[in-house]
Amino acid sequence: MPRSMAPPPSGEFSVTLTKPFSSTTTPSSQISIIGEPNRPATIKHTQRVGAEAQTLIIKEGSIDAEDSNELMDLIKPLAGFPSEPSSDIYGLDTRLDLATFEVQWDNGEEVEGAEAKSNPTDENKQTFKDVVESIEALTRQKAKQRTS
């Protein structure tokens with residue numbers, strides 16, 4: 001049954017990028033961006049590295065209101081794109097979960113209102129790739145390793 005997602009309270013948004021796509025393994029990388037439109041947002045990048053992914057690296061930071069608004073504009077086109085819970089149809093071994101007032105979408109869930117189960121078009125795949133690369137670039141620029 002498709003997941004019907006309610007918008008987050010008070011305009012808050014959440015963008016989560018997880019690698020690998022499969023939910024049966026511990027993520028090696030997870031980026032979370034949480035905020036509100038027209039305000040700064042927080043960004044957190046958690047990575048598991050080393051033998052058996054035992055070392056945990058956490059980077060945190062913030063993005064300004066302008067970058068936050070650009071991110072919201074960037075993810076809007078993903079609304080309604082095909083999604084498939086059992087396979088990585090975009091070919092990037094990446095799961096992207098979006099929860100904004102306007103877009104509730106997850107490429108690893110059946111989402112109500114998304115295109116019927118089908119393979120994404122080349123244009124869909126390119127848009128998805130562009131969004132993923134932009135989130136990763138923003139993370140590299142803004143998230144810094146925590147100091148103890």
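Guide: Let's start with a term we'll need. Rings of Phe, Tyr and Trp, counting the six-membered ring for Trp, pair if their centres lie within 6.5 Å. Keep in mind, too, that what you see above is a predicted model.

Visitor: Okay. Which residues form an aromatic cluster here?

Guide: F81, Y90, W105 and F128 form one cluster. Searching the whole structure turns up four aromatic pairs.

Visitor: How do I read one of those pairs?

Guide: A pair of aromatic rings is described by the distance of the centres and the angle of the planes. Planes over 60 degrees apart count as edge-to-face. Now try F81 and W105: their ring centres are 6.5 Å apart and their planes stand at 85 degrees, so this pair is edge-to-face. The two residues come from distant parts of the chain, with F81 in the loop between α1 and β5, W105 in strand β6, and their positions 24 residues apart.

Visitor: Are F81 and W105 buried or exposed?

Guide: The cut-off you need is that buried means under 20% relative accessible area. F81 has 9%, so F81 is buried. W105 is at 1%, and therefore counts as buried.

Visitor: What can you tell me about the rings of W105 and F128?

Guide: Their centres are 6.2 Å apart and their planes make 70 degrees, so W105 and F128 are edge-to-face. This pair also links distant parts of the chain: W105 is in strand β6, F128 is in helix α2 (residues 122-142), and they are 23 residues apart. F128 is buried, with a relative accessible area of 0%.

Visitor: Let me zoom out. How many helices and strands are there?

Guide: You'll find two helices and seven strands. Walk along the sequence and the pattern is β-β-β-β-α-β-β-α-β.

Visitor: In what order do the strands sit in the sheet?

Guide: The sheet is open, its strands pair antiparallel, and the order is β6-β5-β1-β2-β3-β4-β7. At the edges are β6 (104-106) and β7 (144-145), each with a single partner strand, so each has one side without a neighbour in the sheet. Take the β7 edge: two bridges join β7 to the antiparallel strand β4 (residues 55-63), and E60 stands opposite K144 in β7.

Visitor: What packs on the sheet?

Guide: Helix α1 (residues 65-75) does, touching β1 (13-19), β2 (29-35), β3 (41-49), β4 and β5 (95-99). The direction of α1 makes about 70 degrees with that of β1.

Visitor: And how is β5 connected to its neighbours?

Guide: On one side, five bridges join β5 to β1, and the two run antiparallel. T18, for instance, has R95 in β5 as its bridge partner. β5 also pairs with β6 in the antiparallel sense, over three bridges, with A99 opposite Q104 in β6. Four residues lie between β5 and β6, which form a hairpin. Four of the five residues of β5 are buried, so this strand is largely enclosed by the rest of the structure.

Visitor: What about a single residue within a strand?

Guide: In a regular strand the side chains alternate between the two faces of the sheet. For our example, pick T16, which lies in strand β1. T16 is buried, with a relative accessible area of 15%. Setting aside residues up to four places away in sequence, T16 touches Q30, I31, S32, R95, L96 and D97.

Visitor: Which residues touch the most other members of the largest nonpolar core?

Guide: For this, think of a core as a set of buried nonpolar residues joined through their side chains. The largest one has 25 residues, and V15, I33, L96, W105 and I135 touch the most other members. Two or more residues come from each of β1, β2, β3, α1, β5 and α2, and α2 gives the most, with five. Look at I33: leaving out neighbours within four places in sequence, its contacts include F13, V15, I43, L71, I135 and L138.

Visitor: How much of the whole protein counts as buried?

Guide: Of its 148 residues, 37% do. As for the outside, the accessible surface comes to about 8300 Å², with 46% belonging to carbon and sulfur atoms. And among contacts between residues at least 6 apart in sequence, 61% join residues at least 24 apart.

Key. Residues are numbered from 1 along each chain as its sequence is written. This is a predicted model: local features need pLDDT of at least 70, side-chain atom pairs count only at pLDDT 80 or more; totals for chains, interfaces and linings use all residues. Side-chain values use heavy atoms; hydrogens and water are left out. Two strands pair if DSSP finds at least two bridges between them. Contact means heavy atoms within 4.5 Å. Axes are lines fitted to C-alpha atoms, for helices over the stretch in contact, and angles run from 0 to 180 degrees between N-to-C directions. Buried means under 20% relative accessible area, exposed over 50%, partly exposed in between (1.4 Å probe, protein chains only). Accessible areas come from the Shrake-Rupley method with a 1.4 Å probe; for residues, only the protein chains shown count as cover. Rings of Phe, Tyr and Trp (its six-membered ring) pair if their centres lie within 6.5 Å; planes under 30 degrees apart count as stacked, over 60 as edge-to-face and the rest as tilted. A nonpolar core is a set of buried Ala, Val, Leu, Ile, Met, Phe, Trp, Tyr and Cys residues joined through side-chain atoms within 4.5 Å.
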